[in-house]
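Q: Could you take me through the largest pocket in this model, slowly, and then follow the structure outward from there? I'm new to this, so please explain how each step leads to the next.

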Amino acid sequence: MGTLRLFPDQASTIAPEVDHLLYFLLAVAVFFTLGIFLSILYFAIRYRRRSDRELPHVIHGGLTLEILWSVIPFGLTMVMFTWGASVFFRESRPPDHALQIYVVGKQWMWKLQHMEGQREINELHIPLGRPVRLTMTSEDVIHSFYVPAFRTKQDVVPGRYSTTWFQPTKAGRYHLFCAEYCGTNHSRMIGWIDVMEPQDYQNWLSGGAPQGTLAESGQKLFESLACVNCHKADGTGRCPSLVGVFGNTVHLAGGGTVTANEEYIRESILRPDAKIVAGYQPVMPTFQGLVTEEGVVQLIEYIKSLGQKPGGTGR
Ligand code: CUA
């Protein structure tokens, strides 16, 4: 029986919290299931009909009972709601200093990129004790990034970024699964998360990324795709300068504003006519099909590296 394990490892800060909530829900469910089952049994025997002439006396409701069976379930469900919501909020909000990793799902593999430029397939190396934030998208269909030991599961949807985060608490090697049916080899879309001691992680990182950091790869793409010809840094080009755009408010033609986040930049690369910056013409062609999802991520990191002007406008 020593090897019988009902739960996977608890290897992230959120894992014990998720498990405690689950234990509570299980306890409530078991308590009421047993209670109802035993009551039915008891009533069936205790109040069975003993003769043909026997008639029960009529009951016209009971106020105390009705209040009790309304207030108790209400209280219990409110506990479930507030407890569940607080775990959900913690799980949905990555801390600011989290390590950034980009994930692209594809039939049938996980492609992962580190800020330092390391790229991995179906394997992710991360340091112990640091929060890790994943920004994820898919090249084809919906996948789902699922690490049972971290109690983390997040859909990875084509055409948009979804994020999740976790902070590993135990070094080791943990399974990564795809948890959304995505075609023939869905069941083989499996990977590993390697949680390493911080020093080992540094050694692993210094193993090198021949192609340079994400931002450097992005800069090369920016030049080779000729973006640089229109998006001149000094703002004299036919398209807005991208210096200091990231994180700021952009004013759009026809009124309205948008915050220049990852989602906005991705859209502007793939569907440039979706949002036109005020004062500019819709002259940019789409780069759909010319740049991969991984390339988009590199471009985003390059644009981020151009700085964030505090309180400025986006052009
Ligand atoms: Cu990817 Cu299932």
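A: Here is a walk that starts at the pocket and moves outward step by step. Keep in mind that the model is predicted.

Let's begin with the pocket itself. The largest pocket holds about 620 Å³ of space, and 31 residues line it. If you want to find its middle on your screen, look for H231, C239, P240, S268 and M284, the lining residues that lie nearest its centre. Which elements give two or more residues to that lining? They are α5, α6 and α7. The largest share, four residues, comes from α6, and that makes α6 a good place to go a bit later.

First, pick out C239 from those central residues. C239 counts as buried, at 6% relative accessibility; the cut-off for "buried" is under 20%. Could this cysteine have a bonding partner? The closest cysteine sulfur is in C230, 4.3 Å away from the sulfur of C239, so the two are too far apart for a bond. A disulfide needs the sulfurs within 2.5 Å, and by this rule the count for the model comes to zero disulfides. Another cysteine, C178, is buried too, with a relative accessible area of 8%.

Now slide along the chain a little to S241. This serine sits in the loop between α5 (227-230) and β11 (249-251). Is S241 buried or exposed? S241 is buried, because its relative accessible area is 8% and anything under 20% counts as buried. What does it touch? Leaving aside residues up to four places away in sequence, S241 is in contact with K232, A233 and G235. There is also a polar link to V243: the backbone nitrogen of V243 lies 3.2 Å from a polar atom of the S241 side chain.

Back to α6, which spans residues 262-270. Eight of its nine residues are buried, so the helix is largely enclosed by the rest of the structure. The buried residues are E262, Y264, I265, R266, E267, S268, I269 and L270. You've already met S268, one of the residues nearest the pocket's centre. So what covers these buried residues? The cover includes strands β1, β5 (132-138), β11 and β12 (257-259), together with helix α7 (293-305). Notice that α7 turns up twice: it helps cover α6, and it gives residues to the pocket lining.

From that cover, follow β1, made of residues 99-106. It runs antiparallel to β2, and six bridges join the two strands. For a landmark, find I101, which stands opposite H114 in β2. A hairpin takes the chain from β1 to β2 through two residues.

And what about β2, is it enclosed or open? Five of the six residues in β2 (109-114) are buried, so the rest of the structure largely encloses it. On the other side of the pairing story, β2 is also joined to β3 (residues 119-121), by three bridges, again running antiparallel. Here K111 is the one to look for, standing opposite I121 in β3. Four residues lie between β2 and β3 in their hairpin, and G117 in that turn has a positive phi of about 110°.

One last stop, to set beside the pocket: the closed-off space. One cavity of 30 Å³ or more is counted, and the largest cavity holds about 40 Å³. It is lined by S12, T13, I14, E91, W165, F166 and Q167. Zoom in on F166, which lies in strand β8 (162-166). With a relative accessible area of 2%, F166 is buried. Its contacts, again not counting residues up to four places away in sequence, are I126, R130, P131, V132, L134, F145, F150 and T152. G129 is 37 residues from F166 along the chain, and their C-alpha atoms are separated by 9.7 Å.

For contrast, check F88 in helix α2 (63-92). F88 has a relative accessible area of 54%, so this phenylalanine counts as exposed, whereas F166 is buried.

Terms used. Residues are numbered from 1 along each chain as its sequence is written. This is a predicted model: local features need pLDDT of at least 70, side-chain atom pairs count only at pLDDT 80 or more; totals for chains, interfaces and linings use all residues. Side-chain values use heavy atoms; hydrogens and water are left out. Buried means under 20% relative accessible area, exposed over 50%, partly exposed in between (1.4 Å probe, protein chains only). Two strands pair if DSSP finds at least two bridges between them. A polar contact is a pair of N or O atoms within 3.5 Å; within protein, one must be able to donate a hydrogen and the other to accept it, and residues adjacent in sequence count only if both atoms are side-chain atoms. Contact means heavy atoms within 4.5 Å. On a 1 Å grid over the protein atoms alone, a cavity is a set of points where a 1.4 Å probe fits but cannot get out, and a pocket is an open set with protein on both sides within 12 Å along at least five of seven lines; lining residues have an atom within 4 Å of a point. Grid points are joined across faces, edges and corners, and a volume is the space filled by probe spheres set on the points.
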